[in-house]
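User: I would like to learn how to read a few features of a multi-chain model. Could you take them one at a time?

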Amino acid sequence: MSETLPADGLLGWSWLLIALPLAGAAVLLLGGRRTDRWGHLLGTATVAASFVLALLCTIQLAGQDGAPADVELFTFISTGELDVRAGLLFDPLSAVFALLITGVGSLIHVYSVGYMAHDPARRRFFAYLNLFVAAMLLLVLGNSFVALYVGWEGVGLASYLLIAFWYTRPAAATAAKKAFIMNRVGDVGLALAIFVMFAQLGTTSYAGVFGAVGTLAGGTVTALGLLLLLGACGKSGQFPLQAWLPDAMEGPTPVSALIHAATMVTAGVYLIARSAPIYDLTETARAVVLAIGALTLLIGAIAGCAYDDIKKVLAYSTVSQIGYMFLAVGLGPAGYVAGLAHLLAHGFFKAGLFLGAGSVMHAMNDQVDMRRFGGLWRKLPVTFVTFGLGYLALIGFPFLSGYFTKDAIIEAALDRDDVWGWVLGGVAVLGAGLTAFYMTRLMLMTFFGRARWEEGVHPHESPSVMTAPMVVLAIGSVGAGALLVSVFPLSGWLEPVFGEPEEAAHVVAPAVVGLVVTAVMLLGVLAAWLFVGRREVPVTAPVRVSPVTRAARHALYADAVNESLFMRPGQWLTRALVWVDNRGVDGAVNGLAATFGGSSSRLGRAQTGFVRSYALGILGGAVLVAGALLAVTAG
Amino acid sequence: MFDAPDLSFTALAPLLFIFGAACVGVLVESFWPRDSRHPVQLAVALVGALGALVSTLLLAGRGEVTADGALAVDGAGLFLQATIAGLGALAILLFAERALDPARSAFVASVAVPAGSPRDRELLTSPQVQTEVYPLATFAIGGMMLFVTSNDLLVMFVALEVLSLPLYLISGMARRRRLLSQEAAVKYFLLGAFASAFFLYGLALVYGATGSVRLSDIRAASLAEGTDVLMLLGLALLIVGLLFKASVAPFHTWTPDVYEGAPTPVTAFMAACTKVAAFGAILRVLYVAFGAAEWTWRPLIYGVAIVSMVVGSVLALTQTDLKRMLAYSSIAHAGFLLTGVLGLGADGEGSGLAATMFYLLVYGLTTIGAFAVLTLVRDGDGEAGHLSQWAGLAARSPLVAAVMTLFLLALAGIPLTSGFTGKFAVFRAAVEEGAWPLVLVAVLASAVAAFFYLRVIVLMYFSAPAGGADGERGPTVGVPGLPTTVVLAITATATLALGIVPGSVLDLAEQAARFVG
Amino acid sequence: MSDLPLLLLMIVVPAVGAAVVAALPKGRDEVAKQVSLGVSLVVLLLAVLTTVAFDTGGERFQRTSSWTWIADFGVSFALGVDGIALVMLLLIGVLVPVVIGASWNDELPERRSMTAYFAWLLLLEAMMVGVFVATDVFLFYVFFEAMLVPMYFIIGSFGGPRRQYAAVKFFLYSLVGGLIMLAAVIGLYVVSASELGAGTFAFDALRQLEIDPGVQKLLFLGFFIAFAIKAPLVPFHTWLPDSGSEAPIGGSVLLVGVLDKVGTFGFLRYCLPLFPDASRYFAPFVLVLAVVGILYAALLAMGQSDMKRLVSYTSISHFGFIALGIFAFTTEAATGAVLYMVNHGIATGLLFLVVGMLIARGGSRQIGDYGGVAAKAPLLAGVFLIAGLASLALPGTNSFVSEFLVLIGSFPEEPVFTILATVGIILAALYILLMYQRTMHGPARGVLLQEDPAEPAPAGGGATATLAPPRRSLRITDLSRRELAVAAPLVALIIVFGVYPQPLLELIEPAVSATMSDLGGTD
Amino acid sequence: MTLSYYLVLAAILFTIGAVGVLVRRNAIVVFMCVELMLNAVNLTLITFARSTGTVDGQIMALFVMVVAAAEVVVGLAIIMSIYRTRRSASIDDANLLKY
């Protein structure tokens with residue numbers, strides 16, 4: 001990567017990117033009810049402002065053709081060998097993310113103004129949302145792994161707060177806790193990675209680490225890669241830490257759109273892309289990334305096929321799509337750009353889909369069961385159209401964004417030109433088919449067929465404040481792919497970060513890949529039509545189904561495994577330890593005390609009160625004393 | 001013809017003072033009109049004790065052997081004499097308390113009257129009060145002061161009897177609970193006589209082994225021809241007699257019974273002064289006479305100390321009567337004192353002597369204070385000694401509770417009280433002589449001991465008042481008259497002062513810590 | 001100002017204040033409160049002045065002063081402050097006024113006077129200051145033991161239903177440790193006497209000693225056990241849950257916030273510099289205790305149904321981190337450990353306060369009696385959450401910095417132990433969020449469903465204390481202005497030191513690296 | 001004949017006295033046993049005095065007798081007082097104070 005310049009001009013102010021939303025959050029939280037009336041507007045404004053700023057910064061960056069800018073802020077922790085500076089690194093990679101976060105973020109803020117209009121706690125909602133944006137920006141803009149870690153847990157907190165936004169619902173509270181805990185598991189990996197960096201290289205800044213990582217032993221680098229991967233899995237809901245993401249849908253839908261689809265969950269991909277210099281050096285770690293990506297891709301897709309909860313289907317689709325991205329970045333230099341491109345595209349269409357789902361729920365009194373939808377296209381035209389475009393983009397309909405980005409990944413996989421390449425490519429293609437299946441199923445159950453609404457439900461289109469962002473995102477979903485791959489190639493933009501993209505000799509011609517993928521996709525659509533579209537959708541899910549379906553409905557038993565492997569033993573262990581502590585450790589002490597008491601009363605018996613026994617005692621004592629003295633002199 | 005022994009009357013002044021007062025007391029007892037006798041007796045006794053105290057202080061720094069070698073008036077002796085005299089004076093003040101008991105004294109008017117007889121019941125309400133205790137107590141003090149300065153086993157024996165016999169008598173003179181008091185007297189007397197017989201036999205054997213009972217000669221003899229079985233047996237029996245007086249386990253059995261039965265002021269007197277005297281004698285015998293044979297008895301004392309600490313503190317745990325509890329605690333403290341005794345080291349140059357003397361002083365003061373508080377808490381028939389009756393005392397009379405707490409913390413050895421300074425001194429002395437395992441046992445024992453001191457505080461402060469339910473059964477806290485007030489003031493002040501600024505007194509003990517002869 | 005005996009004043013002022021308050025006639029509670037608050041604020045001011053005048057580049061011990069106390073024992077009344085002690089002074093200075101404010105109208109058990117409570121608090125403050133500024137081992141010991149008495153009365157007289165048991169347990173545990181330490185102190189003195197001719201307790205002189213390793217081990221154990229009980233490390237910990245849960249909230253805060261720090265402070269100030277070889281010899285053993293403590297106590301915390309017990313167990317877990325940081329023997333880790341002492345005092349202090357405020361409303365310590373409080377008392381819930389996040393060391397809160405320093409500093413020396421300890425941060429998230437979810441989230445439960453009493457008393461109103469049995473207001477109100485004022489400073493500190501801890505680090509580091517060099521440290 | 005016989009005899013007497021204290025109940029008898037022990041000591045003293053050819057031991061014996069006399073006075077007084085209360089001289093009856 002090219003050497004960093006001192007930040008000047010606007011880049012010097014890039015810390016405002018974080019400061020603005022943070023300030024917004026602070027005002028809203030501390031201001032209390034006073035800010036109820038205009039709070040949401042402030043929240044939206046701050047994010048919009050940082051979007052503009054991000055845009056300007058990016059332009060300046062483009063002006064200095066992508067030479068990264070380092071923004072020194074202050075000394076965070078400096079003691080002994082350790083010296084952590086709080087600083088920002090504004091380079092093409094972080095610029096892309098900053099734009100995505102602030103851009104999609106602003107749109108979703110706008111949407112939420114409408115969506116949360118009737119919620120008494122709307123102010124709190126926007127405060128948390130701003131907090132999230134700030135933390136997320138810190139995550140992507142920080143210039144050291146510590147800064148990243150701070151943002152990393154910061155978004156965790158925001159996600160916790162937002163999932164539990166309707167905390168009176170036990171389900172929401174539990175989901176939030178689950179999300180935080182499983183993220184913490186990942187965080188441990190990230191933390192340990194940082195410790196290793198300090199222990200081995202004495203620094204935690206990107207520049208320092210990436211500069212010296214070459215000097216490390218292979219094993220150490222692999223360890224680093226795996227530890228970072230653990231962190232990434234936690235945050236991005238990848239196997240084996242994927243179970244929290246679908247539950248996270250308990251949060252308000254805009255949250256699902258912003259945090260659990262567009263931005264936060266892609267942080268894992270950012271981490272791996274950012275740590276490219278490390279992964280470039282460790283084949284093993286990359287292989288694990290690939291495996292996890294492929295596996296998660298399938299798990300998500302399969303589970304997505306079985307759920308009836310519209311948001312859960314989208315959630316599993318997210319899991320699956322991020323699997324694609326992991327697969328991409330796991331491929332190394334060939335895949336980084338493809339992965340990030342997919343990430344951006346996914347940011348658009350998945351956010352759009354969630355907003356659409358939100359609009360549907362809005363219309364159906366927060367009903368999420370697709371078996372209770374149907375025939376909505378007539379009632380919700382705008383939602384239908386925007387959602388439909390997002391749908392097409394996701395399943396990779398030719399020349400929409402998903403088509404370009406997903407194919408790029410599959411090509412990159414095949415370009416490995418070894419058996420693994422074929423396997424991964426195969427998995428990716430299969431995944432595309434499944435994606436087409438479950439998304440079509442979703443479309444059919446929601447918008448087509450007979451209306452299966454509960455009585456008293458009168459669907460109505462959402463207000464424009466909600467539909468407008470959906471439209472924007474729909475446009476994005478349509479164009480993003482083409483834009484990023486051909487018109488304004490991301491590869492060129494990211495060149496300062498990942499270096500010159502070497503033109504790999506294609507094993508299979510892109511055109512062929514495109515055709516195959518499209519074919520499989522159509523197959524999936526057809527299957528969905530055969531299974532769902534043709535028949536009447538029962539209002540309640542059929543009970544007697546094939547074991548495969550049952551497994552899929554239980555997300556391949558991920559929760560069951562977690563429970564029986566960790567939760568139950570943990571609870572049992574805790575109960576056991578409590579017993580040990582009270583009976584054992586404390587009991588030992590009390591036992592000792594009791595022993596003293598007992599021996600006291602027993603010894604006390606010797607104090608019979610009879611003069612003669614006392615005299616005997618004295619005589620005995622005298623004999624002992626004499627004996628002792630003689631013994632000492634004798635021995 | 002025979003030539004009179006050289007007598008340095010200045011060096012004897014303290015003894016002359018106290019014994020003189022005792023004799024005067026006897027005369028007063030026999031000739032002074034009964035109705036105004038009490039104040040006079042009190043005055044005589046106090047003058048004797050305080051005079052002795054003052055004269056010892058004036059003599060401070062002297063070190064000479066006088067009375068033809070029978071007495072060693074040296075620094076240690078004088079310090080201990082002063083301690084005994086001072087504590088004795090305080091105890092006598094306790095004897096003189098007349099405000100607390102409706103019958104105007106803690107002592108029965110006429111001992112001869114059998115307990116529970118009609119006459120006895122009359123006596124409870126009669127104005128006449130006991131006055132024989134004063135000369136008796138004075139004699140006891142004299143005996144103790146002689147005990148710690150005697151440089152001759154025979155004189156020591158006589159002193160032992162002079163201090164014991166009056167104690168036997170006055171332990172039986174309680175006005176309340178006379179049966180217990182008499183029982184205490186009988187037990188104390190029989191066992192005391194028994195023990196002193198051992199001491200005497202030891203004396204005889206030592207005499208046989210060395211041809212003399214003069215401590216210096218014994219030392220010389222043991223240096224000359226080493227230690228033979230006869231001498232060791234003699235030493236053993238001497239030690240038995242002394243440890244009995246010091247109520248060191250396993251010779252402690254009399255202590256709880258006598259302390260509980262005897263009138264509380266007497267208990268205070270015994271607990272404080274007798275300990276001082278006994279340990280003074282122990283130190284003198286062990287180091288002046290048998291210092292050369294230190295290696296023979298050191299392990300023994302080591303073991304006895306441990307036994308005493310453990311037995312004392314463990315047995316005290318389950319006591320329900322405060323006097324009895326303090327009795328056991330005194331046994332434990334005897335153990336702590338022995339660690340100081342061991343701190344003298346083979347050459348007797350260690351800091352143990354000063355430490356032990358300081359400990360004796362602070363322990364005596366605190367103990368007298370504690371027993372003085374005991375006399376304040378009363379119910380229908382005399383003092384309310386049962387723990388349960390002390391529950392919630394702090395709510396009823398915060399001051400008394402606070403003072404008692406101070407004494408208890410001192411006995412437990414909490415810093416900023418005299419008890420801690422004393423413990424630190426003796427433990428330091430012991431460690432300096434390499435007896436750290438003993439000190440380890442000691443600290444653990446004092447941790448155990450802390451529990452029962454603490455329990456009293458818990459009761460006084462954290463518990464609901466005794467008989468709060470049925471109301472009238474709760475004990476009353478009497479308003480002390482002048483004497484007890486003075487005692488409490490002095491002891492409490494001393495306990496605090498010697499905890500916070502002990503420097504000067506420690507210096508004094510340090511300078512005084514010399515044996516001659 | 002530079003020649004004012006600030007340290008002495010910080011001991012004398014609260015002591016005198018305690019005397020004054022104690023002397024007040026019964027029932028003059030208002031006066032007592034104001035006097036106490038004033039005194040504690042003066043102490044805070046003094047602490048700040050000391051900090052301002054402290055020269056981070058200068059001598060290790062500053063503002064030193066010494067008066068001969070007991071000549072025969074070579075004891076002197078020597079005071080002095082280094083960076084480590086200084087930050088603890090600041091902590092005391094902050095926490096005591098907060099505690100006084102929080103206890104403003106506590107509900108005391110029957111027949112207990114507010115004046116006595118505040119007098120004990122001030123006396124305790126004097127003792128705590130003394131412990132940290134003493135530079136004479138004997139003096140330190142005296143304060144170390146004397147400190148027990150006020151806390152003993154605070155727990156025993158003003159605590160919960162099982163206060164007697166808790167108080168005695170607290171006292172005996174600490175006393176046993178203290179007495180064993182006494183033996184070691186004497187041993188140290190004797191060693192110094194044999195080496196320097198004249199025995200001394202002066203810390204600076206003792207640091208120079210070259211003690212024979214065998215002796216070192218014995219003395220180390222003597223000190224270590226005392227501190228391990230105080231700190232408390234597993235398995236010497238079982239007194240803390242009882243004391244922490246039975247003590248009145250103010251007592252719990254000071255107990256866990258400051259008193260127990262004396263243990264870890266002792267490790268760093270006395271065990272390491274005085275007995276370097278022994279410290280190295282026993283380090284693995286201590287590290288095992290520390291890590292076991294982190295995990296064991298965290299799991300136990302999850303199993304608690306009593307909020308105050310839960311918080312006590314979390315503290316035990318945190319003390320494991322501190323011990324790990326100290327015995328990893330690196331400047332980073334040890335600096336982190338000291339910072340941890342301060343941060344833990346602030347974070348857990350706040351947590352205890354909030355829990356106490358909740359209990360004052362609901363009248364129950366059982367988690368199961370609460371639920372959905374956030375809906376009724378959002379501010380309370382907010383503060384609760386901040387305190388909780390701070391104690392699970394979320395980045396942005398002060399605890400993160402210290403925990404991060406401890407772990408990253410220990411890792412190079414002790415990778416295995418550090419990895420195990422790092423797992424503890426998952427458990428930390430679990431126990432905090434479990435408690436938070438069960439009490440604050442979900443539908444209204446437990447006491448929130450019981451109807452309010454006829455006349456709504458102010459939360460924990462002292463007025464209701466006289467009635468027997470004391471009846472409490474079951475109305476869950478949000479934080480009062482007073483409670484907000486009490487919590488606000490701590491919240492502010494949590495955030496400020498979470499974002500910009502450097503000033504504290506600069507205070508701490510010189511003393512720590514001095515300690516490490518005494519140790520012949522690894523850097 | 002050698003002095004050791006006297007010493008042994010004295011020792012035996014002392015032991016008899018000590019055992020007597022342990023086995024007899026009557027306070028007076030117990031007390032007499034103590035006196036016996038003292039007299040055994042006297043015998044020892046005189047024997048040693050004889051052996052060393054000095055009069056010290058004999059003088060000591062006189063001291064002991066005087067002390068013993070004083071002891072008798074005090075002892076009888078105490079025993080008498082408790083006897084008058086309890087109408088029994090058995091020391092096993094005096095057993096209120098224990099444990």
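Analyst: We will go through annotated spans, a contact between chains, a nonpolar core and a small sheet; the model is a predicted one.

User: Which residues of chain D does the UniProt annotation "transmembrane region" cover?

Analyst: An annotation gives a range, and the coordinates can then be read over that range. The unreviewed UniProt entry puts the annotation on residues 6-23, 28-49 and 61-83 of chain D. In the model, residues 6-23 of chain D are 100% helix, with end C-alpha atoms 25 Å apart. Residues 28-49 of chain D are also 100% helix, and there the end C-alpha atoms lie 31 Å apart.

User: Where does UniProt place the feature "domain: NADH:quinone oxidoreductase/Mrp antiporter transmembrane"?

Analyst: The unreviewed entry places that feature at residues 134-425 of chain C. This span is 80% helix and 0% strand, and its end C-alpha atoms are 35 Å apart.

User: How many residues does each chain give to the contact between chain C and chain A?

Analyst: A contact is read by counting residues on each side, then asking which elements supply them. Here chain C gives 42 residues and chain A gives 38 residues. On the chain C side, the elements that give two or more residues include helix 13 (276-302), helix 15 (331-362) and helix 21 (502-518) of chain C. Helix 19 of chain C gives the most, with 10 residues. By class, the chain C side has 26 nonpolar, 13 polar and 3 charged residues.

User: Which residues have the most contacts inside the largest nonpolar core?

Analyst: A core is read from its membership and then from its best-connected residues. The largest one has 735 residues, and those with the most contacts inside it are A:L327, B:A91, B:A137, B:M357 and C:V354. Domain 1 (165-560) and domain 3 (605-635) of chain A each supply at least three residues to this core. Take B:A137 as a case: leaving aside neighbours within four places in sequence, its contacts are B:A45, B:A91, B:I92, B:F95, B:P166, B:I170 and B:F269.

User: What is the strand order of the open sheet in chain B, and why do two of its strands stand at the edges?

Analyst: For a sheet, read the order, then the pairing. This open sheet of 3 strands in chain B runs 4-3-5, with antiparallel pairing. Strand 4 (382-383) and strand 5 (476-477) of chain B each have a single partner strand, so one side of each has no neighbour in the sheet. Strand 3 (residues 377-379) of chain B pairs with strand 5 of chain B over 2 bridges. B:R378 stands opposite B:T476 in strand 5 of chain B.

Conventions:
Residues numbered from 1 in each chain as written. Chains lettered and ligands numbered in written order. Predicted model: local features only at pLDDT ≥ 70, side-chain atom pairs only at ≥ 80, totals over all residues. UniProt positions renumbered as here; feature names shortened; annotations may be inferred. Helix = DSSP H or I, 4+ residues; strand = E, 2+ residues; numbered from the N terminus. Contact = placed C-beta atoms within 7 Å. Nonpolar A, V, L, I, M, F, W, Y, C, P; charged D, E, K, R; others polar. Core = buried A, V, L, I, M, F, W, Y, C linked by C-beta atoms within 7 Å. Buried ≥ 20, exposed ≤ 12 C-beta atoms within 10 Å, placed from the backbone. Domains from an automatic or database assignment. Pairing = 2+ DSSP bridges.
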